[in-house]
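Reader: I should be grateful for a close look at a single part of this model, with attention to its backbone and to the sheet that surrounds it. Please then relate that part to the remainder of the chain.

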Amino acid sequence: MKKKNFYPILFGIFGIVGVILIVSSILVFAAGKKFDETAVEITGTISYIDSYWDSDGDRHYQVYVDYDFQGHEFTDIRLGTYTSSMYEGKEITLKVDPENPGKVKTPHSYMIAGIILAVLGVIFALIGIISAVIGIKKSAKKKELLQQGRYICAVVERVDMNYNYYVNGRHPYVIYCNYQDEYSGVLYRFKSDNMWTDPYPFLQQGSNVRVYVDGQDYSKYYVDVEGSLQGKVVDYT
């Protein structure tokens, strides 16, 4: 996978997972509502609560209940729902499927699972959508500067590695450069986008690099590293 495509694909996956979770929450709500409409409400007793720790060190609980339904006794039936208010021997309201009396739930238990799935889905979808919007705006800004902006020749101050990002154990490079306006004497400093190709020896301290700027606002700029390396470096790694 090309490094420059890694994050768009990653955030695309976030968006897809978000949609899947939201759809799953809708299905859970629909199935739960259908169950509640046909199920019979009874009173049961918590027979025991089993607890265990997973590999991440998180504690989980399994609740088992006893109840009578239409003259038949059901014991140690797994409930599938746990709340901190539950304890062994407590009487609780249950919903039983008359077609399958061994299937039992607490009233509206599907609400908890559905809400959790929906919240996670919205979070994942927002991450994907917001990242996509930011990426599209950034690409549009770059295209506009390359087509309508003017370029200045900046001087490379240094080439660093961005240790805040990595893909497959590799960090991208970042170029810092500056340009001093000969009329005003103002020194402008710029920073390139992340790049995965090592620019050495074509771009190093003291080298010139094109920076496309908005003539009215230098804060809108694009450091054209790709253009500076075009025809000089072909990176297949």
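Author: Gln 70 is found in the loop between strand S2 (59-69) and strand S3 (72-78). The model is a predicted one, and the torsion values that follow should be read as belonging to that prediction. Gln 70 has a phi near 50°, a positive value in a residue other than glycine. Its relative accessibility is 64%; because exposed means over 50%, Gln 70 counts as exposed.

A second residue with positive phi is Asp 76, at about 50°, although Asp 76 is not a glycine. Asp 76 does not belong to the loop that holds Gln 70; its place is in strand S3. With a relative accessibility of 41%, Asp 76 counts as partly exposed, since that class lies between 20% and 50%.

The strands on either side of the loop belong to an open sheet of 5 strands, ordered S3-S2-S1-S4-S5 and paired antiparallel. S3, the strand of Asp 76, is an edge strand, as is strand S5 (100-105), and each of them pairs on one side only. From one strand to the next, the twist averages 40°. S2 is joined to strand S1 (residues 40-53) by 8 bridges, and these two strands run antiparallel. Within that pairing, Ile 49 has Val 63 of S2 as its bridge partner.

Strands of a sheet pair through backbone hydrogen bonds, either parallel or antiparallel.

Elsewhere in the chain, another open sheet of 5 strands has the order S8-S7-S6-S9-S10, again with antiparallel pairing. Strand S8 (187-191) and strand S10 (217-223) each have a single partner strand, so one side of each is left without a neighbour in the sheet. The twist in this sheet averages 40° from one strand to the next. Strand S7 (residues 173-180) is joined to S8 by 5 bridges, the two running antiparallel, and Tyr 176 stands opposite Lys 191 in S8. Helix H2 (residues 109-148) packs on this sheet, touching strand S6 (150-161), strand S9 (208-214) and S10. The direction of H2 makes about 100° with that of S10.

The second largest pocket contains about 210 Å³ of space. Its lining includes Gly 80, Thr 81, Tyr 82 and Thr 83, together with Ser 109, Ile 112, Ala 113 and Ile 116. By class, the lining residues divide into 4 nonpolar, 4 polar and no charged.

Notes:
Residues numbered from 1 in each chain as written. Predicted model: local features only at pLDDT ≥ 70, side-chain atom pairs only at ≥ 80, totals over all residues. Heavy atoms only, no water. Pairing = 2+ DSSP bridges. Helix = DSSP H or I, 4+ residues; strand = E, 2+ residues; numbered from the N terminus. Axes fitted to C-alpha atoms, helices over the stretch in contact; angles between N-to-C directions. Contact = heavy atoms within 4.5 Å. 1 Å grid on protein atoms, 1.4 Å probe; cavity = no way out; pocket = protein on both sides within 12 Å on 5 of 7 lines; lining within 4 Å. Points joined across faces, edges and corners; volume = space filled by probe spheres on them. Nonpolar A, V, L, I, M, F, W, Y, C, P; charged D, E, K, R; others polar. Buried < 20%, exposed > 50% of the residue type's maximum accessible area, 1.4 Å probe, protein only.
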